[in-house]
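Here is a short briefing on one protein chain. Keep the structure open as you read, and find each residue as it comes up.

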Amino acid sequence: MANLERIGSSFPGFAGLKVGLDPFLNKVIIQSLNFGIIKVMESTNEELRELTLLEKIENDPDVNQSTLATQLGVAVGTVNWHLKRLIAKGYVKVKRAERKKLRYIITPDGIALRARLAVDYVERSFSLYRKTRQRVREYLSEIKGAGYNRIRIVGKGDVAYICRLTCLEHGIAVVNDKDAPALHVEGFKVILQMDGKS
């Protein structure tokens, strides 16, 4: 257990690890408390929406809020709120095209913002990729130290794919065996669960 606590202190940029013994399953559970990364990703979602809105408006100035909401998968009120913010900051102008139809025009400042948001998004994506790989490498070191050479990945999406690639790169077989340790992917968090030796 002391060895597991030491690993928890070696994750730079994260809130630490919660280490404990599940009394019902008799398993050691290591849970990463990545509050910082979740907070960053929430602000990223806002910026990503604004980036997507700016791109959609640039491609079709006659697009309406209902269509934008459908394309973004959000409520019309959310689109309206973002558009009002972008208009108030001078990134987008509104002109009346017809009696009830509006036309959205991106200003030069809006084009600069779109470029800045795109660069920020790419940088954050690479940062998430690097941090996830680092976290999984730490987990794989612990798994190898415990005598395992295979792992199960529970979850889907880009983070699960990063986990899979990192495991294969380090010679850890990815299996579906329920007796193997597991990396549980929950959003942007990766949680290691270790059972008895395989």
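**Helix α5 and what follows**

Gly 147 sits just after α5 and takes a positive phi of about 95°. Keep in mind that this is a predicted model. The notes below start with the whole chain, then move to its parts.

**The whole chain**

- The chain has 6 helices and 8 strands.
- Along the sequence they follow the pattern α-β-β-α-α-α-β-β-α-β-α-β-β-β.
- The chain has 198 residues, and 37% of them count as buried.
- Its accessible surface comes to about 11,500 Å². Carbon and sulfur atoms account for 53% of that surface.
- Take the contacts in the chain with a separation of 6 or more: residues 24 or more positions apart account for 58% of them.

**Helix α5 in detail**

- Helix α5 covers residues 108-145.
- How far apart are the end C-alpha atoms of α5? They are 56 Å apart.
- That agrees with the expected span, because the 38 residues of α5 should span 56 Å at 1.5 Å a residue.
- Tyr 121 is found in this helix. Its relative accessibility is 35%, so Tyr 121 counts as partly exposed. Partly exposed means between 20% and 50%.
- Tyr 121 also helps make a nonpolar surface patch of about 370 Å², together with Val 122, Phe 126 and Tyr 129.

**Two nonpolar cores**

- In soluble globular proteins, nonpolar side chains tend to be buried together.
- The largest nonpolar core here has 18 residues. Which of them touch the most other members? They are Ile 151, Cys 163, Cys 167 and Leu 183.
- Two or more residues of this core come from each of these elements: α5, β5 (150-154), α6 (158-169), β7 (182-186) and β8 (189-194).
- Look beyond the neighbours within four places in sequence, and Cys 167 is in contact with Val 136, Leu 140, Ile 151, Ile 153, Ile 172, Val 174 and Leu 183.
- A second, separate core has 17 residues, including Leu 51, Tyr 91, Val 92 and Tyr 104.

**Ala 160 in helix α6**

- Ala 160 lies in helix α6.
- Is Ala 160 buried or exposed? Its relative accessibility is 6%, so Ala 160 counts as buried. The cut-off for buried is under 20%.
- Leaving out residues up to four places away in sequence, Ala 160 touches Ile 153, Gly 155 and Val 185.
- Ala 160 and Lys 189 are 29 residues apart along the chain. Their C-alpha atoms are separated by 9.8 Å.

Terms used
Residues numbered from 1 in each chain as written. Predicted model: local features only at pLDDT ≥ 70, side-chain atom pairs only at ≥ 80, totals over all residues. Heavy atoms only, no water. Patch = residues over 30% accessible without salt bridge, like charges linked within 9 Å, V, L, I, M, F, W, Y side chains within 5 Å. Areas by Shrake-Rupley, 256 points an atom, 1.4 Å probe, with all protein chains shown as cover. Salt bridge = Lys/Arg side-chain N within 4 Å of Asp/Glu carboxyl O. Helix = DSSP H or I, 4+ residues; strand = E, 2+ residues; numbered from the N terminus. Buried < 20%, exposed > 50% of the residue type's maximum accessible area, 1.4 Å probe, protein only. Core = buried A, V, L, I, M, F, W, Y, C linked by side-chain atoms within 4.5 Å. Contact = heavy atoms within 4.5 Å. Expected span 1.5 Å × (residues − 1).
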